[in-house]
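Could you walk me through how the protein meets the DNA in this model? A short report with headings would suit me well.

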Number of protein chains: 2
Amino acid sequence: MEIEETKQEWSGKRLELIETAGQLFADFGVNGVSIRDIAEKCGVNVAAVNYYFGSKENLCMETLRYVAWQVRCPLTKKILEDHTIDYNSKDVCREIIKGLVEERVQNYLSDKYPMWYSKLFLRSLVEPPLRFENVVFQNFIPELNALVEVLSRCAPRNSREKCMFWAFSILGEISFYVFAEPGIKIALNLTEKYPPAFLQQLQEHIISLILKGLELKEEKNLYES
Amino acid sequence: MEIEETKQEWSGKRLELIETAGQLFADFGVNGVSIRDIAEKCGVNVAAVNYYFGSKENLCMETLRYVAWQVRCPLTKKILEDHTIDYNSKDVCREIIKGLVEERVQNYLSDKYPMWYSKLFLRSLVEPPLRFENVVFQNFIPELNALVEVLSRCAPRNSREKCMFWAFSILGEISFYVFAEPGIKIALNLTEKYPPAFLQQLQEHIISLILKGLELKEEKNLYES
DNA sequence: TAATAAATGAAACAATCGTTTGAATTAAAT
DNA sequence: ATTTAATTCAAACGATTGTTTCATTTATTA
């Protein structure tokens, strides 16, 4: 119900302002976007921002809260709460890790959501006045810890420290394509969004990389030249 | 000699301004820093920026040119120009890849350079008015292509497309610790810079991850439980 | 030492920033 | 239909932005 209340606030002109502002914030940074830029692109008066949000900073935090909700990856916690999982089965562990990577590639890079959702979310780790907001502590750190816990269970021979590195590997591999998107697209001669076939290859690349690293790769592949 | 001329411009009050402005740009974004901020922190008059650089935008490009020079990774090209290398030797290939990763961990994350050098350099891939400057095309893309070429030679069984993914893996794994530094340090309870022991572990993690992925890992490790 | 160039400083420029005001308009409720 | 609330609008607020001016100081050269 708290969720329903939250979602109600994300409707109408208020939502339009969040979507417009968020996209601009993601591309140009909060300080690179003026309220007049937002108002013009959204087709509303400059006073609308202060009418709906009180201040630019409030709007800023709202855009962050919004995208953090949109791209959240709940699979990790769902796995941790499922006590029927047999982590002794390598097949099970493989599927779990495949799922973790897939969810993030899907939420961060595919056209399930606009790219600027994840781009703005990543900015919250970096840039004032976004960073150090509660939304970071309520999303990034818990999800990171959950990710480490799942990896620890799937690869018990690895220390918790090692699993932290693997968690950062998953996040880093994917995040790079988000935050460095403009440069990467130039390097790859892409004008539109990442093609689905490209994302499919990337997803398989990351899954294979993690599975090999955690010694969970199917044996047949280990020995083939 | 062109280099010498360039270096001469990086001295005195001019260099102090570049260093001061660059650090602020890296942390707060170009639009998040005013000329008065820079002047105050640098202990000079507000007119100094326009006296030495003509405009804020010129100063901005100069800071970028400066850090791109500082953190450049010339090892890749040096390898490509060395025609005595035997890429049939797995030992040689292993050492090459170790070197490539080490150079980047050293230049981007260690205390060889201030962290904001690499942070600002990464911003050039993302954020106007830094992005799409010539320095990106003259550094990021050539180094990326060189990296792909070296990986192709070391792992000839992988397609060029695959090697591109591996190159992005190396860059992504390391870059994540640069651009997401504030969030990561909170997650890891770090107040200072990344400890040398941590970077050593990270470096070994990435090298191992890439070598396993490219099937270059020493056989003894492949079979040990 | 005198003359010249380089560097610095206080003050102000127009432009833009986030924000506020209060009237005009639209929608909802009685 | 009338009242009330919600929304939109043009205009202006003071503060801050990047930049310029010009006098002053410092350093260099003749």
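The report below takes the two DNA strands in turn.

## Ground rules

This is a predicted model, in which local features need pLDDT of at least 70 and side-chain atom pairs count only at pLDDT 80 or more, while totals for chains, interfaces and linings use all residues. Residues are numbered from 1 along each chain as its sequence is written, chains are lettered from A and ligands numbered from 1 in the order in which they are written, and side-chain values use heavy atoms, with hydrogens and water left out.

## Around DNA strand D

Let's start with strand D, which has 15 residues around it; a residue is near a strand if one of its heavy atoms lies within 4 Å of it. A:Tyr51, A:Tyr52, B:Ile35, B:Arg36 and B:Lys56 come nearest. By class, the surface near DNA strand D has seven nonpolar, four polar and four charged residues. Here Ala, Val, Leu, Ile, Met, Phe, Trp, Tyr, Cys and Pro count as nonpolar, Asp, Glu, Lys and Arg as charged, and the others, Gly among them, as polar.

Helix H4 (47–53) of chain A, helix H3 (35–42) of chain B and helix H4 (47–53) of chain B each supply at least two residues of this surface. The largest share, three residues, comes from H4(A). Helices are DSSP runs (H or I, at least four residues), numbered from the N terminus.

## Polar contacts to strand D

A polar contact to DNA is a pair of N or O atoms within 3.5 Å. Two side chains of chain A reach bases of strand D: an N or O atom of A:Arg36 is 3.4 Å from a base nitrogen, and one of A:Asn45 is 3.3 Å from a base nitrogen. On the backbone side, a polar side-chain atom of B:Lys56 lies 2.6 Å from a phosphate oxygen of DNA strand D. Of the strand D atoms within 4 Å of the protein, 50% belong to sugar or phosphate and the rest to bases.

## Around DNA strand C

Strand C has 14 residues around it, and A:Ile35, A:Arg36, A:Lys56, B:Tyr51 and B:Tyr52 come nearest. Its surface has six nonpolar, four polar and four charged residues. H4(B) gives the largest share, three residues.

Phosphate oxygens of strand C are met in several ways. A backbone N or O atom of A:Ile35 lies 2.8 Å from one, and a polar backbone atom of A:Val33 is 3.4 Å from one. From chain B, a polar side-chain atom of B:Tyr52 lies 2.8 Å from a phosphate oxygen.

Technical notes. Polar contact = N/O pair within 3.5 Å; in protein donor to acceptor, adjacent residues only side chain to side chain.
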